[in-house]
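I sat down with a new model today and kept short notes as I went. Here is what I looked up, in the order I looked.

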Amino acid sequence: MAAKASPARALALKALITWSRDPESHLEQHLKGLPDPKDLDLAYTICRGVLKEKTFLQKVVGRYLARKGKNLPLPVELILLLSFYQRLFLEKIPNYAVVFDAVELCKEKKPVFSNLVNAVLRNLDRDLKSGFDPQKEPMTLEERYSHPKELIDLIKEETKDEATTEQILKWDNAKPKAFLRKRNGSCEECLDVKAAVQSDDFKSGKIYFMQLWSQEVANAAPVKDGATVLDLCAAPGGKSLALLDRAKIKLTACDFSETRLAQLKENFARLGYENAPNITIKQLDARKASQAFPPESFDLVLLDAPCSSLGTIQRNPELRWRFKKEQLAEYAALQREILTSAKELVAPQGYLLYSVCSFAEAEREAADLLRQDKTWTLVKEKLTYPGEQDSFDGGYYSLWQKN
Ligand SMILES: C[S@@+](CC[C@H](N)C(=O)[O-])C[C@H]1O[C@@H](n2cnc3c(N)ncnc32)[C@H](O)[C@@H]1O
């Protein structure tokens, strides 16, 4: 029988080819169909790694292609990138497995390039054995941290500081940590996500996953027993759940997306809130919120607005490749429109909490509508860059009280 590449690397290549042809798609949706979870894990690690280190890997691969021209067919380029990623970043994977699978994959996709792939990988191995360290090669920020120039320029513009810019780029490429929140509001790092998901505590809703920044936003909301709370962009429900645990509130949780509302319902049910009398779940376009509820009918409105998510690139490596600066203005317009509607629903002496998981100034500007309006008093406000606070994503929130 003919030799074949391992299922993990074959799936990784297939997913990377599909994603490269449609970078707006989600990588995860292409990573399916392997019976052995270990294979799926490896495919996932390789794909995420290649997306995180893409420009860096291209630069190192390019070093070996200099004399042969760099215009390789997409599958061949990706075979080299995923093989280089394994050799340079995954310590436990033996060289022979990487080379064997790379050549087998190439034979399947573009056989005429198999000798080239074989030669490049053997040359890399030889160089690594004689002390070559690609991290020590001179590189631009774009190459070292694999972020598009447009995004690096934006980060520089936002931070106005080279050291902070580099810190953010570095943080975006670091390994993300997961955190578990308990029902009493305490929180701990989760070292084994798979084990946590299979644990009785998770299944019975005693713990749930929530990033530190999201927890900080949820903790900033003033809630007390009996308060009426509207969460306008609530799905998949993390902050709503934290609020429900903090006080006996009457919650209305809304979102535009039916798919995300289904996730919210699943999360609520796992924590024991299925059919809870104090919770209403509603599909709603938050831009029309003021038409959906009586004016001034909530003690707290949480507006965790749709945004560019620039503060979460560490956990979503594809985001950087989709970044387009003009989208910030589009998000800013949407955020302003939602906030304009949302503020009508806050009761006198009630609160509005505005938040985004982005540090871009354009996405903080919606809050200026309240800053310029004497009806509102700023209670507190926070901006944090990714990684500025240990293990926190980047984000912004401001809490306002209606006079
Ligand atoms: C940052 S996420 C919310 C995260 C959520 N608050 C949590 O803590 O789990 C933003 C949400 O806004 C929703 N969204 C986008 N446009 C919307 C709109 N016009 N009206 C209501 N929700 C919208 C998205 O579906 C998404 O679920």
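My notes below go from the sheet to its helices and then to the ligand.

**Entry 1, the sheet.** I am working from a predicted model. I found an open sheet of seven strands with mixed pairing, and I read its order as 6-5-4-7-8-10-9. I noted strand 6 and strand 9 (376-384) as the edges, since each pairs on one side only. Direction ignored, I get an average turn of 15 degrees between neighbouring strands of this sheet.

**Entry 2, the strand 9 edge.** I looked at how strand 9 meets strand 10 (residues 395-402): the two run antiparallel and are joined by eight bridges. For one pair, I wrote down E381 with its bridge partner S398 in strand 10.

**Entry 3, helices on the sheet.** I see helix 14 packing on the sheet, where it touches strand 5 and strand 6, with its direction at about 165 degrees to that of strand 6. Helix 17 (residues 326-342) packs on the sheet too, touching strand 7 (298-304) and strand 8 (346-356), and makes about 175 degrees with the direction of strand 7.

**Entry 4, the strand 6 edge.** Strand 5 (residues 250-255) pairs with strand 6 (residues 279-283) in the parallel sense, over five bridges. I followed the chain from strand 5 through helix 14 (residues 258-270) to strand 6 and logged a right-handed β-α-β crossover.

**Entry 5, the ligand.** Which residues are closest to the ligand? I listed C233, G238, F256, A286 and P306, out of 17 that surround the ligand. By type, I sorted the shell into seven nonpolar, four polar and six charged residues.

Note on methods: Residues are numbered from 1 along each chain as its sequence is written. This is a predicted model: local features need pLDDT of at least 70, side-chain atom pairs count only at pLDDT 80 or more; totals for chains, interfaces and linings use all residues. A residue is near a molecule or strand if its C-beta atom, placed from the backbone, lies within 6 Å of it. Ala, Val, Leu, Ile, Met, Phe, Trp, Tyr, Cys and Pro count as nonpolar, Asp, Glu, Lys and Arg as charged, and the others, Gly among them, as polar. Two strands pair if DSSP finds at least two bridges between them. A crossover is right-handed if, with the strands pointing away from the viewer, the path from the first strand over the helix to the second runs clockwise. Axes are lines fitted to C-alpha atoms, for helices over the stretch in contact, and angles run from 0 to 180 degrees between N-to-C directions. Two residues are in contact if their C-beta atoms, placed from the backbone, lie within 7 Å.
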